[in-house]
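User: Please take a close look at how charged and polar side chains are placed in this structure. I would like one connected account, with the cut-offs behind each term.

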Amino acid sequence: MARNRDSDDFVGPIRRLLVGVCVFLLIGTFLVWRIDSPRVERFRAAVIDRVVPSFDWAMAPVTGVANLVSDFRSYQQLAEQNSDLRRELQQMKSWKEAALQLEQENARLLDLNNVRLDPQLTYVTGVVMTDSGSPFRQSVLLNVGSRDGIIDGWPAMDGIGLVGRISGVGQKTSRVILLTDTSSRIPVTIQPSGQKAILAGDNTLNPPIEYLEDAAVVRPGDRVVSSGDGGVFPPDLLVGQVALGSDRRLRVRLSADYGRLEFLRILRAHPHEQISDPGGLLRPTEPQFFGPMPQTAENSAGGTDG
């Protein structure tokens, strides 16, 4: 019992001494860190440079855990993206198979019906050299002109949809007025409702639809194609899809990629044959008679007198 009492009497003062020294060091550290002096600032910098790098071993577990969590999240995102890509690839395979079947079916139907495609809808490909660079005029300049057979008014398309029309032809160059230009007005048809309208450019990538017959039957996502009215463009050229703008107006999301206009196809859209007498197409022609001419009364009398 006496030995335990002596140990308690020895440990108690040492514990109080250590606590006092720790409190003194903490207070001293606080005061040193609060002193605003260049000399003390250099001292603090020297202490930080000496002490902080040596604590890398203490931060190693925390850093490792943080990196592990970050890697796990990245692996999880990669797994989700991988599954999405596999699903999209499977859909693409099914779409490819459906497209091949439709292409074969279309070829068979064309062959069975002996369909004659329009030979005039060929095209000339030109390189976009420059654009207008003006916010008030939307146009591009091509490196094809009259020497390539380009005629003013022909439609221009990129790989997907209609871009504009030829407006000005030179010997080696030609200018294309885009559908987004304020001077552009083309007649369009909205499918599947068959509504006729005018696509009017307003210097935006989503030009509005004007003069729509019945807006109630038109829905966002409907297909917009050229109508061919007025002989401005050939019919059924893809323009875009109907979209509802922020101003609650029906607009067209153009299919052409206006951000990367590098090559344009100029369609040789020659005017169709003008029919001046539609009734002549339906009225049967006079039958032609082959053989000796029948004798009339006058011919018979003249023959007797002779």
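Analyst: A residue is called buried under 20% relative accessible area, exposed over 50% and partly exposed in between, with a 1.4 Å probe and protein chains only. The model is predicted, so local features need pLDDT of at least 70 and side-chain atom pairs count only at pLDDT 80 or more, whereas totals for chains, interfaces and linings use all residues. Residues are numbered from 1 along each chain as its sequence is written, and side-chain values use heavy atoms, with hydrogens and water left out.

The overall frame comes before the charged pairs. The protein has 5 helices and 12 strands, which are DSSP runs numbered from the N terminus (helices H or I, at least four residues; strands E, at least two). Buried residues make up 23% of its 306 residues. Among contacts with a separation of 6 or more (contact: heavy atoms within 4.5 Å), 52% join residues 24 or more positions apart.

Side chains of opposite charge can pair when their charged atoms come close. The structure holds 6 salt bridges, each a side-chain nitrogen of Lys or Arg within 4 Å of a carboxyl oxygen of Asp or Glu. One of them joins D202 and R251, with 2.9 Å from N to O. D202 lies in the loop between β7 (195-200) and β8 (209-210), while R251 belongs to strand β11 (residues 250-254), so this salt bridge ties together parts 49 residues apart in sequence. The two partners are placed in unlike surroundings: D202 is partly exposed because its relative accessible area is 26%, while R251, at 14%, is buried. The pairing also belongs to a network of salt bridges that links D202, D247 and R251.

Another salt bridge lies within helix α3 (residues 56-113), where D84 and R87 are 3 residues apart and therefore separated by about one helical turn. The closest N and O atoms of D84 and R87 are 2.6 Å apart. D84 is partly exposed at 32% relative accessibility, and R87 is partly exposed at 47%.

D257 and R260 form a further salt bridge, with their closest N and O atoms 3.0 Å apart. D257 has a relative accessible area of 32% and is thus partly exposed. R260 reaches 63% relative accessibility, which means that this arginine counts as exposed.

Charge also meets a ring in this model. The charged end of R265 sits over the ring of Y123, 4.7 Å from the ring centre; the criterion is NZ of Lys or CZ of Arg within 6 Å of the centre and within 35 degrees of the ring normal.

Three loop residues add polar detail. A polar contact is a pair of N or O atoms within 3.5 Å; within protein, one must be able to donate a hydrogen and the other to accept it, and residues adjacent in sequence count only if both atoms are side-chain atoms. D152, in the loop between β2 (139-142) and β3 (155-157), is exposed at 51% relative accessibility. The side chain of D152 nevertheless reaches the backbone nitrogen of G168 at 3.2 Å. Beyond four places in sequence, D152 is in contact with I166, S167, G168 and V169. The C-alpha atoms of D152 and G170 are 9.8 Å apart, with their positions 18 residues apart along the chain.

S183 occupies the loop between β5 (174-178) and β6 (185-191) and is partly exposed at 43% relative accessibility. Its side chain makes a polar contact of 2.4 Å with the side chain of D181. Outside four places in sequence, S183 touches R165 and I177.

S227 sits in the loop between β9 (223-226) and β10 (238-244), and this serine is buried, with a relative accessible area of 11%. A polar atom of the S227 side chain lies 3.3 Å from the backbone nitrogen of D229. Leaving out residues up to four places away, S227 touches P187, V188, T189, K196 and P235.

The nonpolar side of the model completes the account. A nonpolar core is a set of buried Ala, Val, Leu, Ile, Met, Phe, Trp, Tyr and Cys residues joined through side-chain atoms within 4.5 Å. The largest such core has 37 residues, of which V239 and L264 touch the most other members. Beyond four places in sequence, the contacts of L264 include V124, V128, V140, L142 and V176, as well as D158.
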